[in-house]
Amino acid sequence: SRRGGGFENHGALQVSDKLPLYFQHQGHSRTIVGIERKFPAHGPPKASLIVLDPAHDGWTVKHALEVGSRWQSKIKRGLHTLRRAEYQIV
């Protein structure tokens with residue numbers, strides 16, 4: 001179902017019509033395609049970025065997603081990874 005702000009709600013998953021963000025740092029680029037938010041029963045909410053990084057081989061990432069093994073380490077990054085002043089939005 002469609003909600004305001006360009007989002008589709010699919011239960012726990014929300015799909016946006018927004019474009020990804022392209023970050024560049026010293027010639028290395030990363031494409032931020034989403035965010036995962038978790039709301040633990042105790043403690044503050046946590047967020048992870050869903051990032052496509054050319055440093056990870058595409059076939060390896062695809063295979064990890066298909067078999068459901070170790071994919072998080074290949075595409076999820078903490079928000080702290082964006083704390084470099086040198087990042088540029090391309």
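A cavity is here a set of grid points where a 1.4 Å probe fits but cannot get out. With that in mind, the predicted model can be searched for enclosed space, and a search of the whole structure finds one cavity of 30 Å³ or more. The space in this largest cavity comes to about 40 Å³.

Which residues line the largest cavity? The lining consists of Phe-23, Arg-30, Ile-32, Leu-49, Val-51, Arg-77, Thr-81 and Leu-82. Two elements, strand 5 (28-38) and strand 6 (46-52), each give two or more residues to this lining. By residue class, the lining divides into five nonpolar, one polar and two charged residues.

Ile-32 offers a convenient place from which to look around. This lining residue sits in strand 5. Its relative accessible area is 9%, which is under 20%, and Ile-32 therefore counts as buried. Leaving aside residues up to four places away in sequence, Ile-32 touches Pro-20, Leu-21, Phe-23, Leu-49, Ile-50, Val-51 and Leu-82. Arg-77, another residue of the lining, is 45 residues from Ile-32 in sequence, and the two C-alpha atoms are 9.6 Å apart in space.

Leu-49 brings further parts of the chain into the picture. With residues up to four places away in sequence again left out, the contacts of Leu-49 include Ile-32, Arg-77 and Leu-82, each of which also lines the cavity. Gly-34 and Ile-35 are touched by Leu-49 as well, as are Ile-75, Lys-76, Gly-78 and Leu-79.

The cavity lining can also be set beside the nonpolar core. The largest nonpolar core has five residues in all, namely Phe-23, Ile-32, Leu-49, Val-51 and Tyr-87. Of these core residues, Phe-23, Ile-32, Leu-49 and Val-51 appear in the cavity lining too.

The strand pairing around Phe-23 completes the description. Strand 4 (residues 21-25) pairs with strand 5 in the antiparallel sense, over five bridges. His-25 is placed opposite His-28 of strand 5. The hairpin formed by strand 4 and strand 5 has two residues between the strands, and Gln-26 adopts a positive phi near 50° there. Strand 4 also pairs with strand 8 (residues 88-89), again in the antiparallel sense, through two bridges. Within that second pairing, Phe-23 has Ile-89 of strand 8 as its bridge partner. Phe-23 thus returns the view to the cavity, where this residue belongs to the lining, and to Ile-32, with which Phe-23 is in contact.

Terms used. Residues numbered from 1 in each chain as written. Predicted model: local features only at pLDDT ≥ 70, side-chain atom pairs only at ≥ 80, totals over all residues. Heavy atoms only, no water. 1 Å grid on protein atoms, 1.4 Å probe; cavity = no way out; pocket = protein on both sides within 12 Å on 5 of 7 lines; lining within 4 Å. Points joined across faces, edges and corners; volume = space filled by probe spheres on them. Helix = DSSP H or I, 4+ residues; strand = E, 2+ residues; numbered from the N terminus. Nonpolar A, V, L, I, M, F, W, Y, C, P; charged D, E, K, R; others polar. Buried < 20%, exposed > 50% of the residue type's maximum accessible area, 1.4 Å probe, protein only. Contact = heavy atoms within 4.5 Å. Pairing = 2+ DSSP bridges. Core = buried A, V, L, I, M, F, W, Y, C linked by side-chain atoms within 4.5 Å.
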